[in-house]
Amino acid sequence: MPIDLFAGMYVRDYQAAKAWYVRVLGCEPAFLPSDTEAVWELAEHRYLYIQQNAEHAGHAVQTVLVDDLDACVDRIADRGIEPVKRETYPDGMRKVLYRDPDGNEIGYGGAPL
């Protein structure tokens, strides 16, 4: 059975958040379901979306695992966004954290060096 994933984050200002996520994700949304929602396809059947809902904004935590964490972080930096935190876990796994203007956290994780 195929599985689709839709991971979402509420934001206060849809237009500002959309611009920020375009820079972090490196592409325009795959589709726009409404005037206050944008959806990016991260991989086949795996989506990240933002939706305007000021009351609930800023509480999401998402992590995306990538094959080459350093290259991913470099591409995001090339688009003008720097991580707020870098972590290395005891087993060597690494995670780089970003926060959108509302405080939602999107992390990228990768295998040890």
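**Exercise 1. Find which residues Asp-102 touches, not counting residues up to four places away in sequence.**

Step 1: Start with the neighbours. Asp-102 touches Tyr-10, Val-11, Arg-12, Asp-13, Ala-57 and Gly-58 once residues up to four places away in sequence are set aside. A contact here means heavy atoms within 4.5 Å.

Before you go on, note that this is a predicted model, where local features need pLDDT of at least 70 and side-chain atom pairs count only at pLDDT 80 or more, while totals for chains, interfaces and linings use all residues. Residues are numbered from 1 along each chain as its sequence is written, and side-chain values use heavy atoms, with hydrogens and water left out.

Step 2: Place the residue. Asp-102 sits in the loop between β7 and β8. Helices (H or I, at least four residues) and strands (E, at least two) are DSSP runs, numbered from the N terminus.

Step 3: Look at accessibility. Asp-102 has a relative accessible area of 16%, so it is buried. The cut-offs are under 20% relative accessible area for buried, over 50% for exposed, and partly exposed in between (1.4 Å probe, protein chains only).

**Exercise 2. Work out which residue forms a salt bridge with Asp-102, and where the two partners lie.**

Step 1: Recall the rule. A salt bridge is a side-chain nitrogen of Lys or Arg within 4 Å of a carboxyl oxygen of Asp or Glu. The background idea is that side chains of opposite charge can pair when their charged atoms come close.

Step 2: Apply it. Asp-102 pairs with Arg-12, and their closest N and O atoms are 2.9 Å apart. Asp-102 is in the loop between β7 (94-99) and β8 (105-110), while Arg-12 is in the loop between β1 (5-11) and α1 (14-25), so you're seeing distant parts of the chain linked, 90 residues apart.

Step 3: Compare accessibility. Arg-12 counts as partly exposed because its relative accessibility is 44%.

**Exercise 3. How many salt bridges does the rule give, and what do Arg-94 and Lys-95 pair with?**

Step 1: Count. The rule gives five salt bridges.

Step 2: Take Arg-94. Its side chain meets that of Asp-70 in a salt bridge at 3.0 Å, N to O. Arg-94 is in strand β7 and Asp-70 in helix α2 (residues 69-78), so this pair ties together parts 24 residues apart in sequence. Arg-94 is buried at 16%, whereas Asp-70 is partly exposed at 35%.

Step 3: Take Lys-95. Glu-105 forms a salt bridge with Lys-95, with the closest N and O atoms 3.8 Å apart. Since Glu-105 lies in strand β8 and Lys-95 in strand β7, the pair ties together parts 10 residues apart in sequence. Both Glu-105 and Lys-95 are buried.

Step 4: Widen the view. Lys-95, Arg-99 and Glu-105 are linked in a network of salt bridges.

**Exercise 4. Which residues of the largest nonpolar core touch the most other members?**

Step 1: Define it. A nonpolar core is a set of buried Ala, Val, Leu, Ile, Met, Phe, Trp, Tyr and Cys residues joined through side-chain atoms within 4.5 Å.

Step 2: Read off the members. Among the 25 residues of the largest core, those touching the most other members are Tyr-21, Val-24, Leu-25, Ile-50, Tyr-98, Ile-106 and Tyr-108.

Step 3: Find the top contributor. It's α1, which gives seven residues to this core.
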